[in-house]
Amino acid sequence: MFSRIFSKTGSFAKANGARALRPKEIAVRLSSGNNGGGDDGRAAREVPPVDEHHDESSDDSYEQDVKSKILQSSLQYVPEHGWSRDTIAAGAHELGYPDTVHGLFPDPGAELALYFYSSSNDSLSRLLKDGTLKCAEETKPELVRFLSVTIKTRLLMLQPYLNQWPQAMALLSKPSNAPRALSNLMTLVDAICYHAGDRSIDTRWYTRRIGLATIYKTSELHLLQDKSLEFDDTWKFVRRAVDECVKLDTMLESNAQLAKDVVTASVSTAKNILGFSWNR
């Protein structure tokens, strides 16, 4: 339609070059070590050999599962502690893990913000896939409505953390975090474009996503400063921006060279903003 309308222990062990012991191995080794001096030789023989070729994928999966649970639990503490190590520690404590488990997260605040961004994208995707949000007909007014409502829905997911979101934006703009932040943003706009009916395979694929990403980011900034009732000023801004984007896409459809120029300029600007052109 778019084209037609628009014509846990594992980390510490790995850090030291060792393989993480599995729970059963740890239990056996502890029990054998508590036998005293009576029959050390027999106890040692009862310890099963360690499989040096053990596939660590299950350990990695377990660790990732623990990290996801801690991050999800930590979100409730963001209004109190911000996007920080203290928030991760509070979330871990809520689940019964020791506070020191925040060592699993090299950059705690940024990892929590990235997790929230990705989880919010997943929530929006479910709404798009189950038809809660859909573009009902192939008309420009309906497309403008769909894009506006979808962007509004995604922005409202920030509402519980609006006061702390500038801190998250600062963390995600760091060169070390910018690639993942950009990936999350592009995943978001790609899902919206796809469910709006975009199946383009030319330069418009890029212009539409870059244009929508720009609208989302500027609307996000607008929302942070909006003091109007129920953010009414922001939703009006989103509607105007989407309407202009639809009109611009119509122009680009009939001017291939202009479309290429817009893509080049937009990519260059995005790289400069995100610091990709810095000397490393």
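Modeller: Let's start with vocabulary: helices (H or I, at least four residues) and strands (E, at least two) are DSSP runs, numbered from the N terminus. This is a predicted model, where local features need pLDDT of at least 70, side-chain atom pairs count only at pLDDT 80 or more, and totals for chains, interfaces and linings use all residues. Residues are numbered from 1 along each chain as its sequence is written, and side-chain values use heavy atoms, with hydrogens and water left out.

Colleague: Fine. How many helices and strands are there in the chain?

Modeller: The chain has 14 helices and zero strands.

Colleague: And how do I read burial? What share of the 280 residues counts as buried?

Modeller: Buried means under 20% relative accessible area, exposed over 50%, and partly exposed in between (1.4 Å probe, protein chains only). Of the 280 residues here, 41% are buried. Take helix 7, residues 85–94: Thr87, Ile88, Ala89, Ala90, Gly91 and Ala92 are buried there. After helix 7 comes Gly96, with a positive phi near 95 degrees.

Colleague: Which feature does UniProt place at residues 63–92?

Modeller: The record, an unreviewed entry, gives "domain: Ubiquinone biosynthesis protein COQ9 HTH" for residues 63–92. UniProt positions are in the numbering used here, feature names are shortened, and annotations may be inferred rather than shown by experiment. In the model, residues 63–92 are 80% helix and 0% strand, and the end C-alpha atoms lie 13 Å apart.

Colleague: Now helix pairs. At what angle do helix 8 and helix 11 pack?

Modeller: Axes are lines fitted to C-alpha atoms, for helices over the stretch in contact, and angles run from 0 to 180 degrees between N-to-C directions. Helix 8 (residues 108–129) and helix 11 (residues 178–195) pack at about 5 degrees, their axes 10 Å apart. So helix 8 is roughly parallel to helix 11; angles under 35 degrees count as roughly parallel, over 145 as roughly antiparallel, 65 to 115 as roughly perpendicular and the rest as oblique.

Colleague: Which residues of helix 8 and helix 11 meet?

Modeller: Contact means heavy atoms within 4.5 Å. Helix 8 contributes residues including Leu114, Asn121, Leu128 and Lys129, while those of helix 11 include Arg180, Leu188 and His195. By class, this contact of helix 8 with helix 11 has nine nonpolar, six polar and two charged residues. For the classes, Ala, Val, Leu, Ile, Met, Phe, Trp, Tyr, Cys and Pro count as nonpolar, Asp, Glu, Lys and Arg as charged, and the others, Gly among them, as polar.

Colleague: How is helix 10 set against helix 8: roughly parallel or roughly perpendicular?

Modeller: Their packing angle is about 105 degrees, with the axes 9 Å apart, so helix 8 and helix 10 are roughly perpendicular. Among the residues in contact are Gly109, Ala113 and Phe116 of helix 8, and Trp165 and Leu172 of helix 10. That contact of helix 8 with helix 10 divides into nine nonpolar, one polar and no charged residues.

Colleague: Does a residue outside the helices deserve a look? Which residues does Asn177 touch?

Modeller: Asn177 sits in the loop between helix 10 and helix 11. Asn177 counts as buried because its relative accessibility is 6%. Leaving out residues up to four places away in sequence, Asn177 touches Asp107, Ala110, Leu171 and Leu172.

Colleague: One last residue: is Leu143 buried or exposed?

Modeller: Leu143, in helix 9 (residues 140–156), is buried, with a relative accessible area of 0%. Its C-alpha is 9.1 Å from that of Val242, although Leu143 and Val242 are 99 residues apart along the chain.
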